[in-house]
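Visitor: I'd like to go through this one by asking how each label was earned. Could you walk me through it?
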Amino acid sequence: MSLDQQRINTFSKYNSRLGDLQDELKVRQQDKEYYDDLEMELELADEDDQVLYKQGEAFFHLKPKAALKSLKTDRKAIERDIRSLEKRVEECETGMNDLKVQLKAKFGNQINLDLNPEED
Amino acid sequence: MSGQTAPNSSSKKALGGIAPTGLHADTINKLNARGMPYAPFVTNVDDFVGGQEAGVEGVMKKFEEMTAKYRYMEVNLQQKRKGLEVKIPDISKTLDVVRFLEARRCKRLGTKPTTIPKQPKNDDEPESEADEDDAASEASDDSEDLMDEVDELDAEDAEEGPESDVKSRNPLKTLYELNDTLFAEAEVEEDGNVGLWLGANTMLLYPLNEAVLLLSEKLSVAKRSLRHTKEDLEFLREQITVMEVNFARVHNWDVKRMIEVDMCAFTDEINFDVL
C-alpha cells in the first residue's frame with residue numbers, strides 16, 4: 001500500500017520537475033536563437049565600426065570582432081546549460097515511464113498518468 | 001515494507017502526541033536534509049485510530065493542522081525561491097561585467113585574471129558536481145577568450161600611438177541603464193576598483209579581483225540555496241499529498257463504520273418486524 005503511495009508521489013514529483021525544466025529549457029533555447037541571430041549580424045558588421053555590446057546590464061563599445069569573441073563564450077555557457085537541462089529532462093521522462101509501467105500494471109485504467117495533461 | 005507498523009515506542013512526536021501505532025515505520029520521526037519532518041503514513045486505520053469504537057474528530061483535526069503547517073512552509077519556500085530566481089541572474093550579470101573590467105585591466109598591467117577557487121562541495125549530488133567541474137574548466141577557457149578580446153582592444157590602442165600613461169588610453173565608454181529602458185552614456189574611470197551594491201543602502205569599493213571572488217562565492221551560494229529550496233518544495237508537496245491521503249483514508253474508514261452501524265440497526269429492525 002505505502003509502496004504504491006510512494007510510487008505515485010515520485011511520479012508526481014517527476015512530473016512537476018519536468019514542467020519546471022521544460023520552462024527553463026524553452027527560455028534557454030530562445031536565448032540561444034537570439035545569440036545565433038546576433039552572431040550573424042556581427043559577422044556582417046563593418047570591421048571598423050564599433051558596436052554596442054551588452055555585458056550584464058550595461059552596453060560597451062566593442063569592435064565586432066571582440067563582441068563576437070565575447071558572444072562565443074556566452075553561447076558556450078548557454079549550450080552547456082541546455083545540454084544539462086536536456087539530460088535532466090530525459091532522467092525525469094525515463095523515471096516517469098518506469099513508474100507508469102509499474103502503476104498501470106497494478107491499477108489498470110483506474111489510474112490516469114498522462115504526461116503533460118496541459119499540453120494541447 | 002508495506003504493512004509494517006511501528007512498535008509502541010517512545011516516538012510520540014510524530015503526530016503531536018497521537019500514538020504512533022498503525023503508522024508506517026519509515027515515516028515516524030524522520031527528518032529530511034533541512035530538518036523538516038516526514039508526514040507519517042497511516043497503514044492501518046483501525047490500529048491508528050484505536051479500534052472500532054474510537055472517535056476520529058481529534059485525529060482529523062490533527063491531520064488538518066499538520067497539512068496547514070506544511071502548506072505554510074510551502075508558501076514561505078516558494079517566496080524564497082522567487083527571490084533567488086531574481087537574485088541569481090543579477091549576481092551573474094554583475095560578475096560578467098566585473099570580469100570584463102578585470103580582463104581589460106589585467107591585460108594592461110600584464111597580470112593574470114583571478115581564477116575562482118573551487119568551492120568545497122560536500123553536500124552536492126555527484127551529478128551536479130560533474131556539471132560544475134565542467135563549468136569550471138570551461139570558465140578558464142572563457143577567461144582566456146576574454147584576454148584575447150582585450151588583446152584586440154589594446155592593439156587598437158597601440159595604433160593610435162604608444163602611450164604609457166594609463167589615463168590617456170582609450171577610455172572605456174559605456175551606456176548604462178539610468179531607468180527602465182532609458183540609457184545614459186558614461187566614461188568609466190578604470191582605477192582597478194569597483195563599487196558593489198551590498199544592499200541596506202551601502203555600496204563598497206572593492207579591488208577587481210576581490211570583487212570577482214566575492215561575487216562568484218555569492219553566486220555559488222545562491223545557486224546551491226536555490227537547488228535546496230527546490231528539493232524542499234518537492235519534499236513538501238509529497239508530505240502534503242501523504243497527509244491528504246491519510247485524511248481521506250481515515251474519513252473513508254469512518255464513513256464505512258457509520259454505514260455498518262446503520263446496517264446493524266436496520267437488520268435489528270427487520271428482525272423485530274418479522275418477529
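Guide: Sure, starting with the vocabulary: helices (H or I, at least four residues) and strands (E, at least two) are DSSP runs, numbered from the N terminus. By that count chain A has 2 helices and 2 strands, and from the N terminus on they run α-β-β-α. Bear in mind that this is a predicted model, where local features need pLDDT of at least 70 and side-chain atom pairs pLDDT 80 or more, while totals for chains, interfaces and linings use all residues. Residues are numbered from 1 along each chain as its sequence is written, with chains lettered from A and ligands numbered from 1 in the order in which they are written.

Visitor: Why is chain A called more spread out than a compact globule?

Guide: The radius of gyration is taken over C-alpha atoms, and the globule rule is 2.2 Å times the number of residues to the power 0.38. For 120 residues that rule gives 14 Å, but chain A comes in at 22 Å, well over it, so the label follows. The C-alpha atoms of chain A fill a box of roughly 70 × 25 × 20 Å along the principal axes.

Visitor: How do you know that the length of helix 2 of chain A agrees with its number of residues?

Guide: The expected span is 1.5 Å times one less than the number of residues. With 44 residues, helix 2 of chain A should span 64 Å, and its end C-alpha atoms are 61 Å apart, which agrees. Just after this helix comes Gly108(A), with a positive phi near 60°.

Visitor: What makes residues of helix 2 of chain A buried, and which are they?

Guide: Buried takes 20 or more other C-beta atoms within 10 Å of a residue's own; 12 or fewer is exposed, in between is partly exposed, and C-beta atoms are placed from the backbone. In helix 2 of chain A, the buried residues include Cys92(A), Met96(A) and Leu99(A). Across whole chains, 13% of the 120 residues of chain A count as buried, and 20% of the 275 residues of chain B do.

Visitor: What makes strand 1 of chain A an edge strand?

Guide: Two strands pair if DSSP finds at least two bridges between them. The open sheet has 4 strands in the order 1(A)-2(A)-1(B)-2(B), with antiparallel pairing. Strand 1 (51–55) of chain A pairs on one side only, as does strand 2 (182–188) of chain B, and those are the edges.

Visitor: How do you know that strand 2 of chain A and strand 1 of chain B pair?

Guide: There are 2 bridges between them, in the antiparallel sense, and the cut-off is at least two. Phe60(A) stands opposite Thr174(B) there. Within chain A, 5 bridges join strand 1 to strand 2, with Leu52(A) opposite His61(A). The hairpin of these two strands has 2 residues between them, and Gly56(A) takes a positive phi near 65°.

Visitor: What is called the largest nonpolar core, and which parts of chain B supply it?

Guide: A nonpolar core is a set of buried Ala, Val, Leu, Ile, Met, Phe, Trp, Tyr and Cys residues joined through C-beta atoms within 7 Å. The largest has 15 residues, and Ala39(B), Met66(B), Leu236(B) and Met243(B) have the most contacts inside it. Helix 1 (45–49), helix 2 (57–109) and helix 4 (208–274) of chain B each supply at least two of its residues. Apart from it lies another core, of 11 residues, Ala103(B) and Leu208(B) among them.
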